[in-house]
Amino acid sequence: MTYNEDRKGCEDMLQEYNKIMVAVDGSEEAELAFQKAVNVALRNQAELLLAHVIDTRAFQTVGSFDTMMAEQATELAKKSLKDYEKMAKDSGVSVVESVIEYGSPKTIIAKSIPVEKKVDLILLGATGLNAVERLFIGSVSEYVIRNAPCDVLVVRTDLKNELPEDENE
């Protein structure tokens with residue numbers, strides 16, 4: 001039996017996503033993931049959830065939590081999410097929601113938000129960590145792939161499926 005013969009009748013079973021989450025953090029990789037998430041949401045007529053996780057470990061000093069830095073990070077995240085939300089709506093996505101969470105990006109992106117918001121697809125950018133950094137702290141994308149309760153798409157390329165300029169070298 002050929003591949004096409006085996007797939008007869010599968011047209012009715014095409015995967016559709018209803019709620020797509022994209023993790024955004026201001027990086028170039030997150031921008032690529034956002035662009036693809038908008039396209040996937042449009043093709044699926046799905047809701048788009050923009051998620052930004054503020055890693056509170058970055059604001060802990062020797063014995064205290066730096067609230068001023070956390071507040072600045074929150075304000076930047078709010079502005080960024082507002083911009084992303086406008087771009088998504090201008091592109092035709094009808095339902096766009098955003099969320100800011102605090103804590104470990106790995107667990108919040110992989111577990112907390114998808115369960116709470118009933119996400120069925122997560123898109124996130126590939127990390128720029130090198131092999132040594134991954135060995136010690138692990139990458140967010142690797143953790144999400146292993147622990148998310150839904151499908152995960154790690155984005156490396158732009159809308160033309162080409163690597164960004166600096167990665168082609």
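Visitor: Which residue in β2 does Lys 19 stand opposite?
Guide: In this predicted model, β1 and β2 pair in the parallel sense over 5 bridges. Within that pairing, Met 21 has Leu 49 as its bridge partner in β2. As for Lys 19, the residue of β2 that stands opposite is Glu 47.

Visitor: In what order do the strands of the open sheet stand?
Guide: The secondary structure of the chain comes to 6 helices and 5 strands, and read along the sequence these follow the pattern α-β-α-β-α-β-α-β-α-α-β. In the open sheet, 5 strands are paired in the parallel sense, and their order is β3-β2-β1-β4-β5.

Visitor: Which strands stand at the edges of this sheet?
Guide: A strand with a single partner has one side left without a neighbour in the sheet, and this holds for residues 96-102 and for residues 151-155. Neighbouring strands of the sheet are turned by 20° against each other on average, direction ignored. The two strands at the edges are β3 and β5.

Visitor: How many of the residues of β1 are buried?
Guide: In a regular strand the side chains alternate between the two faces of the sheet. On one side of β1 lie Lys 19, Met 21 and Ala 23, on the other lie Ile 20 and Val 22, and both faces are covered. The strand is therefore described as mostly covered, with buried residues numbering 5 of 5.

Visitor: Which element supplies the largest share of the largest nonpolar core?
Guide: In soluble globular proteins, nonpolar side chains tend to be buried together. Here the largest nonpolar core has 22 residues, of which Ile 20, Val 22, Phe 34, Leu 48 and Leu 50 touch the most other members. At least two residues of this core come from each of β1, α2, β2, α3 and β4, but the largest share, 7 residues, comes from α2.

Visitor: How many residues does the other core have?
Guide: Another core lies apart from the largest one, and among its members are Ala 23, Val 99, Ile 108 and Ala 148. Its number of residues is 16.

Visitor: Why is the pair of Phe 34 and Tyr 84 called tilted, and what is the angle between their planes?
Guide: The count of aromatic pairs comes to 1. The ring centres of Phe 34 and Tyr 84 are 4.6 Å apart, and the pair is tilted because its planes are neither under 30 degrees apart nor over 60. Phe 34 lies in helix α2 and Tyr 84 in helix α3, so the pair ties together parts that are 50 residues apart in sequence, and both residues are buried. The angle between the planes is 50°.

Visitor: Which strands does α3 lie across?
Guide: Helix α3 covers residues 67-90 and runs at about 160° to one of the strands, β3. The strands that α3 lies across are β2 and β3.

Visitor: Is Thr 74 buried or exposed?
Guide: Thr 74 is found in helix α3, and, leaving aside neighbours within four places in sequence, this residue is in contact with Ile 54, Ile 100 and Tyr 102. With Tyr 102 there is also a polar contact between the two side chains, at 2.8 Å. The relative accessibility of Thr 74 is 11%, and because the cut-off is under 20%, this residue counts as buried.

Visitor: What covers the buried residues of α4?
Guide: The buried residues in α4 are Pro 105, Ile 108, Ile 109, Ala 110, Ile 113 and Pro 114. The helix lies across β1, β2, β3 and β4, running at about 145° to β2. What covers its buried residues includes those strands and one helix, namely β1, β2, β3, β4 and α6.

Visitor: Is Asn 161 buried or exposed?
Guide: Asn 161 lies in the segment after β5, and its side chain makes a polar contact with the side chain of Thr 157, at 3.4 Å. The C-alpha atoms of Asn 161 and Lys 36 are separated by 10.0 Å, although these residues are 125 residues apart along the chain. The relative accessible area of Asn 161 is 55%, and because the cut-off is over 50%, this residue is exposed.

How values were computed: Residues are numbered from 1 along each chain as its sequence is written. This is a predicted model: local features need pLDDT of at least 70, side-chain atom pairs count only at pLDDT 80 or more; totals for chains, interfaces and linings use all residues. Side-chain values use heavy atoms; hydrogens and water are left out. Rings of Phe, Tyr and Trp (its six-membered ring) pair if their centres lie within 6.5 Å; planes under 30 degrees apart count as stacked, over 60 as edge-to-face and the rest as tilted. Helices (H or I, at least four residues) and strands (E, at least two) are DSSP runs, numbered from the N terminus. Buried means under 20% relative accessible area, exposed over 50%, partly exposed in between (1.4 Å probe, protein chains only). A nonpolar core is a set of buried Ala, Val, Leu, Ile, Met, Phe, Trp, Tyr and Cys residues joined through side-chain atoms within 4.5 Å. Two strands pair if DSSP finds at least two bridges between them. Axes are lines fitted to C-alpha atoms, for helices over the stretch in contact, and angles run from 0 to 180 degrees between N-to-C directions. Contact means heavy atoms within 4.5 Å. A polar contact is a pair of N or O atoms within 3.5 Å; within protein, one must be able to donate a hydrogen and the other to accept it, and residues adjacent in sequence count only if both atoms are side-chain atoms.
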